[in-house]
Amino acid sequence: MAEIQIGIQANAWLREFPIAEKLDTVLQQIADSGYSGVEIGYHFLAGGRFNAIRPGGAPPAGDSDVTTIPDPAEVGALITAHGLQLAALHTGGNFYDEETARAQTLPNLEIIAAFTKEIGCRNVLISPAAKQEGPKTPRELDVQNQVFAEACALFAAHGAHCFHHTHGPELEDDFREVRHILELDPAAISLAYDIANAARVIGPTAAVDFIDSFRSRIGYVHYKDCRSDGVLVEAIGDGAIDWHAVAASLRGSDYGGWVVVEIEPGHGMEAHRSVKEDALLSRQCIRETLGA
């Protein structure tokens, strides 16, 4: 039977304090709650306490164009010191507007890819920006795929595999956008399937069925829970998603990879416990349903 590793997103702690400034506390609580890995949004590290000027020395006074990136040695040592693995880095950008993608998204990803290589991260989750004016056109979907392919090649050259992180708009209209992305080479990109994002669009039962339909492309899973009306809840098991059914689907397909808890402080979610309490309850639910 394939091995499943259990992690949690660091961004859950945003509702209590800045992640970068108190990453040591975040990691300690994650380890104490029984997780083996942490997923971190790159943007939570960039611009914060871990930044270090890259080779070339300090920038000239007032030079705002000099790019800094988090110090991979410092971040990596901190994660390791708590007995954790870096399950994945999470990033995103506009992939469907070619001008923006080439002027901003791809250059940003080049910086992140360098960090990924230095810290030894093997998994990169990518969240493509949604189009606010409505669904993306066929042309925009083609551009998005082209930029995705370039991003995947970039990260692969630095030793990391890319995962498309699913959001609600991409699952509408019979998964139109997701299906288009899955036309890309399976060796280049896999799905990071967010169960609650799906449940909020297609319902909790269909969100479980999605696993069976797209299992061959799912390589990373976000455990996030919501009520039947789509409002997010705190801990895994607080909402309407049938986690026993999710576990049966994953085990039945011999899934082996990361299952990462996401406690998202948004979309109407009301918190009544500390993040650590939610992390502990979520971990217990996973033990009881998934046996991992």
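**Exercise 1. How do the residues lining the second largest pocket divide into nonpolar, polar and charged?**

Solution.
- Start with the split: three nonpolar, two polar and six charged residues form this lining. The model is a predicted one.
- Next, name them. The lining residues are A130, K131, Q132, G134, P135, K136, P169, E172, D173, R176 and E177.
- Sort by class. Asp, Glu, Lys and Arg count as charged, so K131, K136, E172, D173, R176 and E177 go in that group.
- Gly counts as polar, so G134 joins Q132 there.
- Finish with the space: the volume of this pocket is about 260 Å³.

**Exercise 2. Describe the largest pocket and find which strand or helix supplies the largest share of its lining.**

Solution.
- Take the volume: about 420 Å³.
- Look at the lining. It has 24 residues, and H90, S127, H165, H167 and E262 lie nearest the pocket centre.
- Sort the lining by class: six residues are nonpolar, twelve polar and six charged.
- Trace the elements. At least two lining residues come from each of β2 (37-41), α2 (42-45), β5 (85-93), β6 (123-128) and α7 (195-202).
- Pick out the largest share: β2 gives three residues.

**Exercise 3. Which residues touch the most other members of the largest nonpolar core?**

Solution.
- The core holds 84 residues; I195, Y223, V259 and L290 touch the most other members.
- Follow I195. Leaving out residues up to four places away in sequence, I195 touches A207, I211, V221, H222, Y223, K224, I241, W243 and V246.
- Then turn to a second, separate core. It has eight residues, including A87, L125, Y220 and V260.

Key. Residues numbered from 1 in each chain as written. Predicted model: local features only at pLDDT ≥ 70, side-chain atom pairs only at ≥ 80, totals over all residues. Heavy atoms only, no water. 1 Å grid on protein atoms, 1.4 Å probe; cavity = no way out; pocket = protein on both sides within 12 Å on 5 of 7 lines; lining within 4 Å. Points joined across faces, edges and corners; volume = space filled by probe spheres on them. Helix = DSSP H or I, 4+ residues; strand = E, 2+ residues; numbered from the N terminus. Core = buried A, V, L, I, M, F, W, Y, C linked by side-chain atoms within 4.5 Å. Buried < 20%, exposed > 50% of the residue type's maximum accessible area, 1.4 Å probe, protein only. Contact = heavy atoms within 4.5 Å.
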